[in-house]
There are 2 protein chains.
Amino acid sequence: MGITERKEREKAEMRRRIVDAAIDMFVAEGYEKVSIRNIADKIEYSPATIYLYYKDKDELLYDVQAEAFGKLAAYFKAKVTAADVLERLEQLALAYFDFSQEYQELYDLMFIIKAPMNTVEEDEEWKNGLEAFSYLRDIMTECVEKKLVRFPDPMTATLSIWAFIHGFISLNLRCRIKIAQLDVLALPAFVRSCVKHYVETIKA
Amino acid sequence: MGITERKEREKAEMRRRIVDAAIDMFVAEGYEKVSIRNIADKIEYSPATIYLYYKDKDELLYDVQAEAFGKLAAYFKAKVTAADVLERLEQLALAYFDFSQEYQELYDLMFIIKAPMNTVEEDEEWKNGLEAFSYLRDIMTECVEKKLVRFPDPMTATLSIWAFIHGFISLNLRCRIKIAQLDVLALPAFVRSCVKHYVETIKA
DNA sequence: GGAATAAATAAACACCGTTCATTATCTTTG
DNA sequence: CAAAGATAATGAACGGTGTTTATTTATTCC
């Protein structure tokens, strides 16, 4: 009985088509400008069809997020190569920043926009970011345990550095940093230097 | 000829009514759930009337932001009372955090949502946040000049501490911090302690 | 008081996410 | 193989959004 298997496969393929189209459009135009109708147009199906595979837009976004977090984890895997844990920390911090610059719209829907965390609230899992988060947490835990950084505990360390970098990125993506009247072209380099400086600062 | 003056006054009063209603509703329900039609209902005018006083929703939001930044500046004025500049720094950092917790929806539209920064992009001013920003910048400048903190320059100092606190706040408001699986009830206290720890860390 | 001006609105436009009754396609059974 | 049943896809609609326009209502000026 290969039929039910084929149906499963076709269902999965359709979800793939939808997610792929969605990601492409999100990357190109940003979350807010992409509608279910647009996505349906792109894959040449009716809008209603999408609702046969996703119960609502949030559920679709959840899959898109998962994909994006996969990208981030791959980014880490490629760029965090050092053996020394302090070097790994700096590589990780800069890789995170670089990712946010290369995939601004993905970063937006991973870390800034409200949706789909409403849906996730009940799940209490939010498994999506876990791999990427673990990358940072493991490094920080090792740093704290070896007393290489000036933090009281691993959780404070992990969230502090995450918050620091995310703070810069999101203030920048949302144009709030504009108030500092810095040269816009020099901004990425400036932020990068701030991140580097922070990593230096926290070393014991 | 008091007529033109009265007309001006009436126009200003109408804008006040609109902004006041908008703020109330934003605070109560959040930016995304408030529509022009809702606001029009509240002030008992037709939706189209609002467009006689604001060219679009972004322009209205700009005024709402101005109001919110006024609130923040007042918050600073009330809470940053110390004479010692390092104490002022800690007071300011905690006041900023407390403001974000007391007025979550305002913080959202001041620092996180995309609108109305699209509109502002041309202005290049974004005067709204300047008073609040200056508060921080002045303190950090003094700290750097007196070599009380470990930053290479005032701008790095100012943006670093802002990014750090904003990072925590926005990760929390957007539920991304959930991935750390901390106790939700203990979170505000935890974040507060992280902020305090950071302020200690940067001291020379 | 009547013409000119200004203010307010109802109705419409073009979108949006989502639902539902209907149609088309495929699978199973007699 | 054809008919019946299940599944997939859709067109049309619902109630919502921000915004525009033609029309009506109110005010000012002569």
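At what angle do helix α6 and helix α9 of chain A pack, and how far apart are their axes? The structure is a predicted model, and the question can be answered from its atoms. Helix α6 covers residues 104-112 of chain A, and helix α9 covers residues 154-173 of chain A. The two pack at an angle of about 120 degrees, and their axes are 11 Å apart. Angles of 65 to 115 degrees count as roughly perpendicular and those over 145 as roughly antiparallel, so α6(A) is oblique to α9(A). The crossing of these two helices, α6(A) and α9(A), is left-handed.

Which residues make this contact? On the side of α6(A) they are Gln104(A), Tyr107(A), Phe111(A) and Ile112(A). On the side of α9(A) they are Trp162(A), His166(A), Ile169(A), Ser170(A) and Leu173(A). Sorted by class, the residues in the contact of α6(A) with α9(A) comprise 6 nonpolar and 3 polar ones, with no charged residue.

These helices belong to a chain whose secondary structure consists of 10 helices and 0 strands. Read from the N terminus, the order of elements in chain A is therefore α-α-α-α-α-α-α-α-α-α. Along the principal axes, the C-alpha atoms of chain A fill a box of roughly 60 × 45 × 30 Å.

The next part of the picture is the DNA. DNA strand D is surrounded by 20 residues. The closest are Thr49(A) and Tyr53(A) from chain A, with Arg6(B), Arg37(B) and Tyr51(B) from chain B. Of the atoms of DNA strand D that come within 4 Å of the protein, 60% belong to sugar and phosphate.

Where do the residues of this surface come from? In chain A, α3 (47-53) supplies at least two of them. In chain B, at least two come from each of α1 (2-29), α2 (36-43) and α3 (47-53). The largest share, 4 residues, comes from α3(A). By class, the surface near DNA strand D holds 9 nonpolar, 4 polar and 7 charged residues.

Some contacts with phosphate oxygens of DNA strand D can be followed atom by atom. Thr49(A), already named among the closest residues, has a polar side-chain atom 2.5 Å from a phosphate oxygen of the strand. Ser46(A) takes part through its backbone: a polar backbone atom of this residue is 2.9 Å from a phosphate oxygen of DNA strand D. From chain B, Ser35(B) places a polar side-chain atom 2.9 Å from a phosphate oxygen of DNA strand D.

Technical notes:
Residues numbered from 1 in each chain as written. Chains lettered and ligands numbered in written order. Predicted model: local features only at pLDDT ≥ 70, side-chain atom pairs only at ≥ 80, totals over all residues. Heavy atoms only, no water. Axes fitted to C-alpha atoms, helices over the stretch in contact; angles between N-to-C directions. Parallel < 35°, antiparallel > 145°, perpendicular 65-115°, else oblique. Left-handed = near helix turned anticlockwise from the far one by under 90°. Contact = heavy atoms within 4.5 Å. Nonpolar A, V, L, I, M, F, W, Y, C, P; charged D, E, K, R; others polar. Near = heavy atom within 4 Å. Polar contact = N/O pair within 3.5 Å; in protein donor to acceptor, adjacent residues only side chain to side chain.
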